[in-house]
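Hi,

Here's the structure I said I'd pass along. Have a look, and my notes follow underneath.

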Amino acid sequence: MAFAKGTAPVWYGNNAADGEDGGALEKKQNTPQRPCLCKWQYSAVSADWERWRNWGRGGEMFADMGQRKRKKGAEECGKRGVARDDAASRNRKTYAMGAQNNLIRYVQNQHKFIQQLLVQSQVRLCSGHGGMQQQAQLRVDEEDSFPKVAEVAPIAAPFPMTLEHAADVGEQFKYSDLSVRLAAPHQLNPKPDVDDLAFGKYFTDHMLRVPYHRRLGGWQKPEITPMENLNLHPAAKVFHYAIELFEGMKAYRGYDGKIRFFRPDMNMARMNVTAYRSGLPTFEGEELIKAMARLVMIDSEWVPHTESASLYIRPTLIGIEPTLGVASSDSALLYTILSPVGPYFKPGSSGLKLYAEPKYTRAWPGGVGDRKVGSNYGPTIHVQREALRNGCHQVLWLYGDDHQLTEVGVMNIFMLYMKENGERELLTPPLDGLILPGITRDSIIRLCHQWGEFSIKEQKFTMPLVKKLAKEGRLLEMFGAGTAAVISPIEHIAYMGEEIFVPTETHDNPLYRRLYNTLTDIQYGKLDHPWAYVID
């Protein structure tokens, strides 16, 4: 969607300046259409309808035979003709009722069968919205070939989903205690054109704050306030010892106008695990999700009305105790800010070119490479600049003497290749403390397990292996995955004076594109899925 410079972008649908007509048009465009069935389903029903109708015609044929016999018998004996007339009538009714009942039972079974297909295959229904969706094609050889999700072995979460709070944390905050202080007219921020959106450049009108003070009993009451600067003491521990952490989430406006989060419980669980590792107080994740949902609804006009943009959510926890000394912070601040964002990488650009320099290491065993803390990101800025000077988009972080692949910039990495026996296999580095347990990463692994079309392994793989596969023509795809960029294809790797070509985008239907479409369909509400958290 493009808008003329200097005009109010219509994707801010709740803006009073848009008027009722704009809202009505948006409502009309976002109205889901009736699901469509594919041609083969109609043809199958039609063919069997014809077969059952012929059975009904058989009943009529028997009835005609009875009529001829009745006429002949009536000439011989009137009483016998009357008897045969009754028999023929009963035969006609019996055959007609039998054919009708069989047809009803068949149509009912066919309807149940079609419902089963739609559920098991997770078919993208035809809505016709904006011309963006196309009719899903169902191709079935036999019922036993359907992938049954219930048969997939359960996959463990990449980190503890529940965490017992330490006794000294104190009281937990509750959403029911949330207070709201709305921004005055002079505090409202101008909304940018959707074409001008850059990652993290613009911010909404409000923010969420939850202070913590151990001496006051723990977490204090949450509050939504106008977006404003923080007032912190110069000795606050966050400034000196990097006692802080953050998460990255998004809110998506779906084709139906509803706003959704994507697996927010995973972000909250990972945030608590990081807080525990950083000596910061843990909290109840569900209470924060509800508070952030309220914040997003207050600033809902900032959620873009396009699938090429979303509202980035940045929950942050910092130590604010004003004392020097490396120790846990008895005071902290949990806050959330919102930022409308466009694509992380420029649309229309080709696959990524990566800079793989073995002398740089992002994380090491026993460290905090698997935690989302700022100290993991600041030291990478110098290397990222070096990558740009060498004509690359991102850094491919390696580890060890064997040059193990770990992460791509701020993303997890995947590699699809052909094994020597001709079977495909998807690899991603294991959760051994060197990489962030990404939520997009976990989603990709689970989707691929459900599809059951190739093997998936979480194991170490090295640059010499990548070179070998590329030379033998068995390297199929490589891509990065994360909340900000979703999924980004990789096309070249600059490594030790060589440039390795990765044929990710040379395939007709690459895996990365199928994963991208499935994830975004869930996020924007086209595909009903429990991973989507609808905000009321």
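**A helix crossing and three buried residues**

H5 crosses H6 in a right-handed fashion. Keep in mind that this is a predicted model. On the H5 side, the contact uses Pro264, Asp265, Met268 and Asn272, and on the H6 side Gly285, Leu288, Ile289 and Met292. By type, the residues of this contact come out as five nonpolar, two polar and one charged.

As for the geometry, H5 covers residues 264–277 and H6 covers residues 285–298, and they pack at an angle of about 125° with axes 9 Å apart. Angles from 65 to 115 degrees count as roughly perpendicular and those over 145 as roughly antiparallel, so H5 and H6 are oblique to each other.

Just ahead of that, have a look at Arg263, in the loop between strand S7 (259–262) and H5. Its phi is near 50°, which is positive although the residue is not glycine. Arg263 is also buried, because its relative accessibility is 6% and the cut-off is under 20%.

Val486 has a positive phi too, near 65°, and again this is a residue other than glycine. Val486 sits in strand S17 (residues 486–495) and is buried, at 12% relative accessible area.

Last one: what does Gln394 touch, leaving aside its neighbours within four places in sequence? Its contacts there are Tyr344, Phe345, Lys353, Leu354, Tyr355, Gln384, Ala387, Val408, Gly409 and Val410. Gln394 belongs to strand S11 (residues 394–399), and with 10% relative accessibility it counts as buried.

Cheers

Note on methods. Residues are numbered from 1 along each chain as its sequence is written. This is a predicted model: local features need pLDDT of at least 70, side-chain atom pairs count only at pLDDT 80 or more; totals for chains, interfaces and linings use all residues. Side-chain values use heavy atoms; hydrogens and water are left out. Axes are lines fitted to C-alpha atoms, for helices over the stretch in contact, and angles run from 0 to 180 degrees between N-to-C directions. Helices (H or I, at least four residues) and strands (E, at least two) are DSSP runs, numbered from the N terminus. Angles under 35 degrees count as roughly parallel, over 145 as roughly antiparallel, 65 to 115 as roughly perpendicular and the rest as oblique. A crossing is left-handed if the near helix is turned anticlockwise from the far one by less than a right angle, and right-handed if clockwise. Contact means heavy atoms within 4.5 Å. Ala, Val, Leu, Ile, Met, Phe, Trp, Tyr, Cys and Pro count as nonpolar, Asp, Glu, Lys and Arg as charged, and the others, Gly among them, as polar. Buried means under 20% relative accessible area, exposed over 50%, partly exposed in between (1.4 Å probe, protein chains only).
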